[in-house]
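Student: Please give me a close look at one part of this model, the short strand before a loop and its surroundings. State the cut-offs as you go.

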Amino acid sequence: MQNQRQVVDYALRRRALLADVRAGRVGTKDVCDADPYLLRAAKFHGEPGEYPCPVCRKETVTLVSWVFGDELRHVAGSARTQEELTRMEQLFREFNVHVVEVCRLCRWNHLVRSYVLGTGTPRGHSKRTAGQ
């Protein structure tokens, strides 16, 4: 079970952007620009969303969770499944998760929310002194 902290929801920003697209102030080419790496991550690490793409409405969006944090080292900046996040939550003190919705058909992508996971326990201080 995930203990999400410091949750930020980007629904208002998403809604404003989609209103600009529908009003013609922003072109679909400007918002349907998912990187090939993001599309691959959606295919292999994504979780199916519960709603259709807000731009093309032809395919259900895929949710991709990206992890970031100093403690993660080589894992930082990679996509992870929900099962992996659950395991990581028990292993690391603190890391950030950014959830991006992606349409693999029209390439729409948008940051949906971000939050912090981890044990939350403070790091222990080293007992070594300068003379040791």
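Tutor: The account below starts at that strand and loop, then turns to the cores and to a second strand.

The model is predicted, so local features need pLDDT of at least 70 and side-chain atom pairs count only at pLDDT 80 or more, while totals for chains, interfaces and linings use all residues. Residues are numbered from 1 along each chain as its sequence is written, and side-chain values use heavy atoms, leaving out hydrogens and water.

Ser 78 lies in strand β4, residues 78-80. Strands (E, at least two residues) and helices (H or I, at least four) are DSSP runs numbered from the N terminus. Ser 78 counts as buried because its relative accessibility is 12%; buried means under 20% relative accessible area, exposed over 50%, and partly exposed in between, with a 1.4 Å probe and protein chains only. Beyond four places in sequence, Ser 78 is in contact with Ser 65, Trp 66 and Val 67, where contact means heavy atoms within 4.5 Å. Trp 66 is 12 residues away along the chain, yet its C-alpha is separated from that of Ser 78 by 5.5 Å. The side chain of Ser 78 also makes a polar contact of 3.1 Å with the side chain of Arg 80. A polar contact is a pair of N or O atoms within 3.5 Å; within protein, one must be able to donate a hydrogen and the other to accept it, and residues adjacent in sequence count only if both atoms are side-chain atoms.

Thr 81 sits in the loop between β4 and α4. At 16% relative accessibility, Thr 81 is buried. Setting aside neighbours within four places in sequence, Thr 81 is in contact with His 45 and Glu 47. Phe 44 is 37 residues from Thr 81 in sequence, and their C-alpha atoms are 8.8 Å apart.

Val 67, a contact of Ser 78, is among the residues that touch the most other members of the largest nonpolar core, which has 13 residues. Such a core is a set of buried Ala, Val, Leu, Ile, Met, Phe, Trp, Tyr and Cys residues joined through side-chain atoms within 4.5 Å. The elements giving two or more residues to this core are β3 (60-68), α4 (82-91), β5 (95-102) and β6. A second, separate core of 10 residues includes Ala 79.

Strand β6 (residues 109-117) contains Ser 114, which is buried at 9% relative accessible area. The contacts of Ser 114 include Val 97 and His 98, and its side chain has a polar contact of 3.5 Å with that of Tyr 10.
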